[in-house]
Amino acid sequence: MADRQDNRLALGVMVTLGPHAVEKITLAPRDEGFFLSFDGADSPLIKDQVVRWFSLYLEGEAGAVDFPLKMASFPSFSEGVLEQMQKIPFGEQKTYAQLAHAAGSPRGARAVGNICRDNPFPLVIPCHRVVGGQGLGGFAFGLAMKRQLLDFEFGLKGLKERTLLGSLG
């Protein structure tokens with residue numbers, strides 16, 4: 001069932017719902033438009049919260065997640081990395097090394113990459129905003145999709161900033 005379609009971002013998002021939380025998010029490339037769909041349990045409240053969050057994301061306004069995520073049991077370093085990842089603002093990036101340092105392991109950049117790869121909630125926990133020191137790094141859904149997401153966010157953030165500056169002038 002499609003709840004949200006938008007033509008600015010060519011991306012399919014499948015959200016797997018459990019009875020009490022989002023269990024997984026999967027991304028897929030599309031030829032055009034953004035498409036959000038759901039699978040799993042019928043959880044109308046969570047579904048509404050997810051639709052609202054993604055609607056805000058498409059406007060560059062999505063902040064902290066206001067719906068429950070079914071987090072697996074992660075080691076403390078992984079939890080720290082996922083927590084730091086959630087702090088990366090829309091339209092900005094951090095390197096694997098910066099995230100490792102912020103999570104308490106300055107030499108753990110490679111481990112951060114593995115955590116990003118295994119992230120069950122892409123976009124919501126924005127692993128696509130984590131890049132290499134000299135390039136994009138990797139992305140579980142492919143570098144073309146990572147570049148598209150970063151370009152979308154950077155472009156939308158720039159448009160919002162230019163609009164704000166124009167209204168101040």
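**Local features of the predicted model**

Helix H1 is followed by Gly60, a residue with a positive phi near 80 degrees. The structure described here is a predicted model. H1 itself covers residues 44–58 and contains 15 residues. From its first C-alpha to its last, H1 reaches 21 Å, close to the 21 Å expected at 1.5 Å a residue. Several positions of H1 are buried, namely Ile46, Lys47, Gln49, Val50, Val51, Trp53, Phe54, Tyr57 and Leu58.

A positive phi also occurs at Leu123, with a value of about 75 degrees, although Leu123 is not a glycine. Most residues other than glycine have a negative phi. Leu123 belongs to the loop that lies between helix H4 (109–117) and strand S6 (130–131). The residue counts as buried, its relative accessibility being 1%.

The loop between helix H3 (96–102) and H4 contains Gly108. Gly108 is likewise buried, at a relative accessible area of 8%. When neighbours within four places in sequence are set aside, the contacts of Gly108 are with Phe77 and Ala100. Of these partners, Phe77 is separated from Gly108 by 31 residues in sequence, while the C-alpha to C-alpha distance between the two is 9.4 Å.

Strand S2 comprises residues 11–17 and is mostly covered, with six of its seven residues buried. S2 pairs with two strands in opposite senses, as the following bridges show. With strand S3 (residues 22–29), S2 runs antiparallel, and seven bridges join the two. Within this pairing, Ala28 of S3 stands opposite Gly12. The connection from S2 to S3 is a hairpin of four residues. With strand S4 (residues 34–40), by contrast, S2 pairs in the parallel sense, again over seven bridges. Here Leu17 has Gly40 in S4 as its bridge partner.

The cysteines were examined next. The structure holds zero disulfides. Cys116 takes part in no disulfide, and the nearest cysteine sulfur, belonging to Cys127, is 5.6 Å away. Cys127 is also in no disulfide, its nearest cysteine sulfur being that of Cys116 at 5.6 Å. Because a disulfide requires a pair of cysteine sulfur atoms within 2.5 Å, the separation of 5.6 Å between Cys116 and Cys127 does not qualify. Both residues are buried: Cys116 has a relative accessible area of 8%, and Cys127 has a relative accessibility of 4%.

A buried charged side chain is present in helix H5 (residues 143–168), where Lys146 is found. Lys146 is buried yet forms no salt bridge. The nearest side chain of opposite charge is that of Glu153, at a distance of 11 Å. Since a salt bridge requires a side-chain nitrogen of Lys or Arg within 4 Å of a carboxyl oxygen of Asp or Glu, Glu153 at 11 Å does not meet the criterion for Lys146. Apart from neighbours within four places in sequence, Lys146 is in contact with Tyr96, His128, Val130, Val131, Leu136, Gly137, Gly138 and Phe139. Among these contacts, Val130 and Val131 are the residues that delimit strand S6 (130–131), and Tyr96 is the residue at which helix H3 (96–102) begins.

Terms used
Residues are numbered from 1 along each chain as its sequence is written. This is a predicted model: local features need pLDDT of at least 70, side-chain atom pairs count only at pLDDT 80 or more; totals for chains, interfaces and linings use all residues. Side-chain values use heavy atoms; hydrogens and water are left out. Buried means under 20% relative accessible area, exposed over 50%, partly exposed in between (1.4 Å probe, protein chains only). Lys and Arg count as positive and Asp and Glu as negative; His and the chain ends are not counted. Contact means heavy atoms within 4.5 Å. Two strands pair if DSSP finds at least two bridges between them. The expected span of a helix is 1.5 Å times one less than its number of residues.
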